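Grab a pencil and work through these exercises with the model open beside you. Try each task before you read its solution.

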Amino acid sequence: MGLLASSSSSSSSLVAVTVVLGLLFNAAVLCHGGISSSYRRVATELNIDMPVDSDTFYVPPGENTPQQVHITQGDHVGTAVIVSWITPKAPGFSVVRYWSENSTKIRWARGTIETYRYFNYTSGYIHHANISNLEFNSKYYYKVGAGKYARIFWFVTPPAPGPDVPYTFGLIGDLGQTYDSSITITHYQNDPLNGQAVLFLGDLSYADDYPFHDNVRWDTWGRLVERSAAYQPWIWTVGNHEIDWAPQLGEPVPFVPFSHRYHTPYEAAGSTAPFWYSIKRGPAHVIIMAAYSAFGKYSPQYSWFNQEIQKVNRSETPWLIVIMHPPTYNSYQSHYMEGEPMRAVYENTFVKYKVDIVFAGHVHAYERSIRVSNIKYNITNGLCNPVKDLNAPVYLTVGDGGNLEGLSTVMTEPQPNYSAFREPSFGHGMLEIKNRTHAYFAWHRNDDGYAVVADSVWLTNRFWYPTDDSN
């Protein structure tokens, strides 16, 4: 009787295990490393660029009404905002008027105006104005343009830097201007986690994918993202599609369109170039790196980075985040190992200073790593494989904004040990920092007209609560 009961119990347990495993394998494929999602995006015709006259590229009425309005952080701590816009045919009124939600006093900031030529294209008049001396955690309205063609927008400044102030970042990369790109922005705007600023991971307009690097596509992209970027700061990272180096077209200087259109607060961070810089925002110290500028030892970027990371005060801004365009760890065949040069130069420093998260784009898919490093190799010991390291960052690739080039669908097999979850789908990420010890990250897949939480993880801070959060 006892033996019969034992056998019955064993059979029931076996059935239960089989059912559970069956459910798991229906959802995902368990591999050598972590989870490779079995989800595959239904083939549609949406992954095509929108025509230049698409209604999605909103053109305000009036020939010289300000358009392509966007903002970014204007100083190191969040009490200034760079407001940028373009008037297509004439310089117009290069002043920003602004006022606090709780005040009727209108202040103003005078902007600068610039234009540029690129091959057979001449830009409109590009305006940049820095609004400074703002109060933390306050809502401001601002007006660009004059008369009946003036346009009004608003933004909210971040809380003062502090260890336990909550703050939520959106993560978007490799966006482009397809119908899928527009869906990504809409999903981000409607996300219930309510992102307060976007950490943009590089590759904006993809204008260089068009014949002669068609800079009209910089204009359409600026109009596409205005619906978000005019209301909250997008923190810019340059990707390979911002290089725009085309000596065959008589364009031997890199980054010309990006440099004119998208300013960054690099001088406030002590940087010598607009492509690498840092900001503080609430509980986070964010370091933006430039993979397509010199970054090796003794380069200006290298010197700046090593000075900057030593300045991080984890008692004030406990979350140390690094952004770059190519991923350090990547298990897709697309751009495989392209992040290796930067890893070789900077990974030791990431581990030494306990960087919490490294965000990247470039690969048109999503991937999350465990905390891993590959710093033990010394040319003689043969220890050249990544290993779990609780002092190392989590590496997150969110390069799936929706661009014309499509998804990176081919993954290396078997899945490496460092890879915790990967899926080739379009989407966006959200990082919700709760306090000095905990943050919640979620990746939202663009699926069937609504955003689906396809992967999420609770992260613990490497300085204040360095528990094993790998899963």
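**Exercise 1.** Leaving aside its neighbours within four places in sequence, which residues is G74 in contact with?

*Solution.* A quick note on what you're looking at: this is a predicted model, where local features need pLDDT of at least 70, side-chain atom pairs count only at pLDDT 80 or more, and totals for chains, interfaces and linings use all residues. Residues are numbered from 1 along each chain as its sequence is written, and side-chain values use heavy atoms, with hydrogens and water left out.

Step 1: find G74 in the loop between strand 3 (67-73) and strand 4 (81-87). Helices (H or I, at least four residues) and strands (E, at least two) are DSSP runs, numbered from the N terminus.

Step 2: look for contacts, meaning heavy atoms within 4.5 Å. Setting aside neighbours within four places, G74 touches A80, V81, I82, N130 and P265.

Step 3: check how covered G74 is. With a relative accessible area of 12%, G74 is buried (buried is under 20%, exposed over 50%, partly exposed in between, using a 1.4 Å probe and protein chains only).

Step 4: try a long jump along the chain. H263 sits 189 residues from G74 in sequence, yet their C-alpha atoms are 8.9 Å apart.

**Exercise 2.** Find which residues line the largest cavity, and sort them by class.

*Solution.* Step 1: get the idea. Rolling a probe the size of a water molecule over the atoms shows where empty space is left. On a 1 Å grid over the protein atoms alone, a cavity is a set of points where a 1.4 Å probe fits but cannot get out; a pocket is an open set with protein on both sides within 12 Å along at least five of seven lines; lining residues have an atom within 4 Å of a point. Grid points are joined across faces, edges and corners, and a volume is the space filled by probe spheres set on the points.

Step 2: search the whole structure, and 3 cavities of 30 Å³ or more turn up. The largest cavity holds about 50 Å³.

Step 3: list its lining: T72, Q73, G78, A80, V81, F155, V156, T157, P158, P233 and R281. Strand 3 and strand 12 each give at least two of these residues.

Step 4: sort them into 6 nonpolar, 4 polar and 1 charged. Here Ala, Val, Leu, Ile, Met, Phe, Trp, Tyr, Cys and Pro are nonpolar, Asp, Glu, Lys and Arg are charged, and the others, Gly among them, are polar.

**Exercise 3.** Describe the two largest pockets.

*Solution.* Step 1: start with the largest pocket, at about 400 Å³. It has 23 lining residues, with Y329, Y336, N374, P386 and Y418 nearest its centre. Helix 6 (340-352) and strand 22 (387-388) are the elements that give two or more residues to that lining. By class, the lining has 12 nonpolar, 7 polar and 4 charged residues.

Step 2: go on to the second largest pocket, at about 290 Å³. Of its 18 lining residues, W154, G195, Q196, Y231 and Q232 are closest to the centre. Strand 12 (151-156) gives the largest share of this lining, 3 residues. The classes here are 8 nonpolar, 7 polar and 3 charged.

**Exercise 4.** Which is buried and which is exposed, Y298 or H362?

*Solution.* Step 1: know what's usual. Most residues other than glycine have a negative phi, and most peptide bonds are trans.

Step 2: take Y298, in the loop between strand 17 (284-288) and helix 5 (300-311). Its phi is positive, about 80°, and Y298 is exposed at 69% relative accessible area.

Step 3: take H362, in the loop between strand 19 (357-360) and strand 20 (366-369). Its phi is also positive, near 75°, but H362 is buried, at 3% relative accessibility.

Step 4: for a bonus, spot the cis peptide bond between E413 and P414, with omega about -5°.

**Exercise 5.** What span should helix 5 have at 1.5 Å a residue?

*Solution.* Step 1: multiply 1.5 Å by one less than the number of residues. Helix 5 has 12 residues, so the expected span is 16 Å.

Step 2: compare. The end C-alpha atoms of helix 5 are 17 Å apart, which agrees.

Step 3: pick out the buried residues of helix 5: Q301, Y302, W304, F305, N306, E308 and I309. Their cover includes strand 16 (277-281), strand 17, strand 18 (319-323) and helix 6.
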